[in-house]
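Here's a walk through one fold, taken strand by strand. Have the sequence and the 3D view open as you read.

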Amino acid sequence: MAVQTYIGGTEVTSVVLEGSVTRRLNRPAEASVRMPSHLAIGGNGSRLKVVVNGGLGFHGMIEHVEDQGDENAAYTVMTAASPMFLWQWRP
């Protein structure tokens, strides 16, 4: 399965170490990517797009950025939610 990852329109597929997309019925979809901190781009509010086999698998805004690591390596985990998460505030 061919998977491509973009943050803010820039392809970051080659630096993403792992990632996941979770879809739920009547709930916002979520996606998460993990990459080395020194190669991470974007941040809160940036767009995360995941393309699976040429089709759109996920597209949403990054809402949480977390740095992890130790003295040997540092990693950044970015979590995004689909625009459906805004529905909780609709009138």
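In which sense do strand 1 and strand 5 pair, and over how many bridges? Strand 1 covers residues 3–7, strand 5 covers residues 47–52, and the two pair in the antiparallel sense over five bridges. If you want a spot to click on, go to Tyr6, whose bridge partner in strand 5 is Lys49. Keep in mind throughout that you're looking at a predicted model.

Now zoom out to the whole chain. You'll find seven strands and zero helices, so reading from the N terminus the elements simply go β-β-β-β-β-β-β. The radius of gyration is 13 Å, close to the 12 Å that the globule rule gives for 91 residues, so the chain is as compact as a globular protein of that length. Along the principal axes, the C-alpha atoms fill a box of roughly 45 × 30 × 20 Å.

How do the strands line up? They form an open sheet in the order 2-1-5-6-7-4-3, with antiparallel pairing. Sitting at the edges are strand 2 (10–11) and strand 3 (18–24), each of which pairs on one side only.

Let's walk in from the strand 3 edge. Strand 3 pairs with strand 4 (residues 27–36) in the antiparallel sense, over six bridges. These two strands make a hairpin with two residues between them, and Asn26 in that turn has a positive phi of about 60°. Arg24 is a handy marker here, since the model gives Arg27 in strand 4 as its bridge partner. From strand 4, seven bridges lead on to strand 7, and that pair runs antiparallel too. To find this pairing on screen, look for Ala31, whose bridge partner in strand 7 is Ala80.

Past strand 7 (74–81) comes the segment that holds Leu86. What does Leu86 help to make with Trp87 and Trp89? The three make a nonpolar surface patch of about 390 Å². Leu86 can count towards such a patch because its relative accessible area is 44%, which makes it partly exposed, and patch residues need over 30%.

A few totals round off the tour. Of the 91 residues, 31% count as buried. The accessible surface comes to about 5,900 Å², and carbon and sulfur atoms hold 50% of that. As for contacts with a separation of 6 or more, residues 24 or more positions apart account for 46% of them.

Definitions and conventions. Residues are numbered from 1 along each chain as its sequence is written. This is a predicted model: local features need pLDDT of at least 70, side-chain atom pairs count only at pLDDT 80 or more; totals for chains, interfaces and linings use all residues. Side-chain values use heavy atoms; hydrogens and water are left out. Two strands pair if DSSP finds at least two bridges between them. Helices (H or I, at least four residues) and strands (E, at least two) are DSSP runs, numbered from the N terminus. Patches are made of residues with over 30% relative accessible area and no salt bridge: like charges are joined within 9 Å, nonpolar side chains (Val, Leu, Ile, Met, Phe, Trp, Tyr) within 5 Å. Accessible areas come from the Shrake-Rupley method with a 1.4 Å probe; for residues, only the protein chains shown count as cover. A salt bridge is a side-chain nitrogen of Lys or Arg within 4 Å of a carboxyl oxygen of Asp or Glu. Buried means under 20% relative accessible area, exposed over 50%, partly exposed in between (1.4 Å probe, protein chains only). The radius of gyration is taken over C-alpha atoms; the globule rule is 2.2 Å times the number of residues to the power 0.38. Contact means heavy atoms within 4.5 Å.
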